[in-house]
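Reader: Hi! I'm new to looking at structures, and I'd like a close look at a single part of this one. Could you pick one helix and walk me through what surrounds it?

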Amino acid sequence: AHRGRALFAPRQAGLPFHNSALASYLSLLLYRAEGRWDEAAIDLRRLRGAFETQPFIYPAAPPDLSPMLQPSTGARLNFIAFTGRGPVKRAQTLRITSGENLLFITAETEDESGRLRLVGMESFFFDGIQPGYNFKCQIPRMQLRPSSLARIVVASDGAVLTELELLESLDRAAYASFAVRENLILAKTVIRAALKAITVAQSRRALEKSEDPTLRLFSLLGGLTAEVLVDASEQADLRLARYFPGQAYVGEAEVPPGEHELTINYYDHSGRLVRRETLPRQEYRDRPLNLLVSYNLR
């Protein structure tokens, strides 16, 4: 019984990422700081559109940011907190057997106990190939890394000021962008590995037909070496910036102009405080932009 998914099946994440809510948010802040309220309102609509048209990246309702377009009465503070970690790439091994004009592909990956687990299978039309070729290659697969954080609360002088809201899942955006190219990477890798394997096999068979025993020995040793090199040359490209954050939270609050000590408190899903960042006491004035950025990459 087939327990794995089809390797070329369309994926929910395989949709173009074309509108970043975080980019619209930053643009809104800049336009508002310049007093260009119409442009700021356009960015707010674009931000909401990102949630409406890209539900995989933005599965929840957008935060209510409409107060950002209202005049302030005090020192307006804007917060961006980057949390979690971006996705990683893992190598997935493909074992490929040829039939008449077909390639049969099975994909396996190791589970946490070290056992191989079937995760997908597919047949791939390949005109002109003959039965009897067996080889393997690797492709990259992207995996999300869930964050342990659930809430981010900002306090001013010990009193709760605001709670930040999730604006953008940067990890989901990266995952979706990679998924758009995933089938192309798979097809190109399989075709390239197949051509290499066919070339090695045909060269080896030509030498085996020779009456010269030295050439026949060379075909055996050289063929084995070439097959190893073919497999080794088709390693997955796992290059990726591993230290990008996974999520971006935002919030806005007002404080009376003057000196304040701000703390940014990070809580996990059990409600436990896992990190507290204290910003030095300083004066906050009613000026176009007070942007405060915090990080907790866990």
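Author: Let's take helix α2 and follow its surroundings outward, step by step. One thing to keep in mind is that this is a predicted model, and every number below is computed from it.

Start with the helix itself. Helix α2 covers residues 37–53, which makes 17 residues. From its first C-alpha to its last, α2 reaches 24 Å, close to the 24 Å expected at 1.5 Å a residue.

Now, which residues of α2 are buried? They are Ala40, Ala41, Asp43, Leu44, Leu47, Gly49, Ala50 and Phe51. As for what lies over them, the cover includes helix α1 (21–33) and strand β9 (165–169).

Pick out Leu47 from that list, and you land in the largest nonpolar core. This core has 25 residues, and those with the most contacts inside it are Ala21, Tyr25, Leu47 and Leu167. Helix α2 is one of the elements that give two or more residues to this core, along with α1, β2 (75–83), α3 (170–208) and β10 (247–255). There's a general habit behind this kind of grouping: in soluble globular proteins, nonpolar side chains tend to be buried together.

Tyr25 is a handy place to stand if you want to see who meets whom. Leaving out residues up to four places away in sequence, Tyr25 touches Leu47 and Leu167, and also Leu65, Met68, Asn78, Phe79, Ile80, Val250 and Gly251. If you go looking around the rest of the model, you'll also find a second, separate core of 21 residues, which includes Tyr133, Ile139, Ile198 and Ala201.

Back on α2, have a look at Asp43, a charged residue among the buried ones. Asp43 counts as buried because its relative accessible area is 3%, under the 20% cut-off. What does Asp43 pair with? Arg46 forms a salt bridge with Asp43, and the closest N and O atoms are 2.6 Å apart. Both residues lie in α2, three residues apart, or about one turn of the helix. Arg46, for its part, is partly exposed at 39% relative accessibility, so this bridge joins a partly exposed residue to a buried one.

That bridge is one of eleven salt bridges found in a search of the whole structure. For a contrast in how the partners are placed along the chain, try Arg76 and Glu252. Their closest N and O atoms are 3.3 Å apart, and the pair links distant parts of the chain: Arg76 is in strand β2, Glu252 is in strand β10, and 176 residues separate them. Arg76 counts as buried at 9% relative accessibility, while Glu252 is partly exposed at 21%. Another salt bridge, 3.3 Å from N to O, brings together the side chains of Asp268 and Arg272. Asp268 is buried at 10% relative accessibility, whereas Arg272 is partly exposed at 49%. Arg76 and Glu252 also belong to a network with Arg32, joined by salt bridges that share partners.

Arg32 brings us back to our helix by way of Trp37. Trp37 is found in α2, and is partly exposed, with a relative accessible area of 36%. Apart from neighbours within four places in sequence, Trp37 is in contact with Arg32, Met68, Leu69 and Gln70. Gln70 sits 33 residues away from Trp37 along the chain, yet their C-alpha atoms are separated by 9.5 Å. You may also remember Met68 from the residues that Tyr25 touches, so Met68 is a contact of both Tyr25 and Trp37.

Last stop: the surface beside our story. Helix α1, part of the cover over α2, also holds Leu26. Leu26 is partly exposed at 34% relative accessible area. Together with Leu291, Val293, Tyr295 and Leu297, Leu26 makes a nonpolar surface patch of about 410 Å². Strand β13 (residues 291–296) gives the most to this patch, with three residues. Asn296 is in β13 too, but counts as buried at 7% relative accessibility. Its contacts beyond four places in sequence include Phe82, Thr83 and Gly84.

How values were computed. Residues numbered from 1 in each chain as written. Predicted model: local features only at pLDDT ≥ 70, side-chain atom pairs only at ≥ 80, totals over all residues. Heavy atoms only, no water. Helix = DSSP H or I, 4+ residues; strand = E, 2+ residues; numbered from the N terminus. Expected span 1.5 Å × (residues − 1). Buried < 20%, exposed > 50% of the residue type's maximum accessible area, 1.4 Å probe, protein only. Contact = heavy atoms within 4.5 Å. Core = buried A, V, L, I, M, F, W, Y, C linked by side-chain atoms within 4.5 Å. Patch = residues over 30% accessible without salt bridge, like charges linked within 9 Å, V, L, I, M, F, W, Y side chains within 5 Å. Areas by Shrake-Rupley, 256 points an atom, 1.4 Å probe, with all protein chains shown as cover. Salt bridge = Lys/Arg side-chain N within 4 Å of Asp/Glu carboxyl O.
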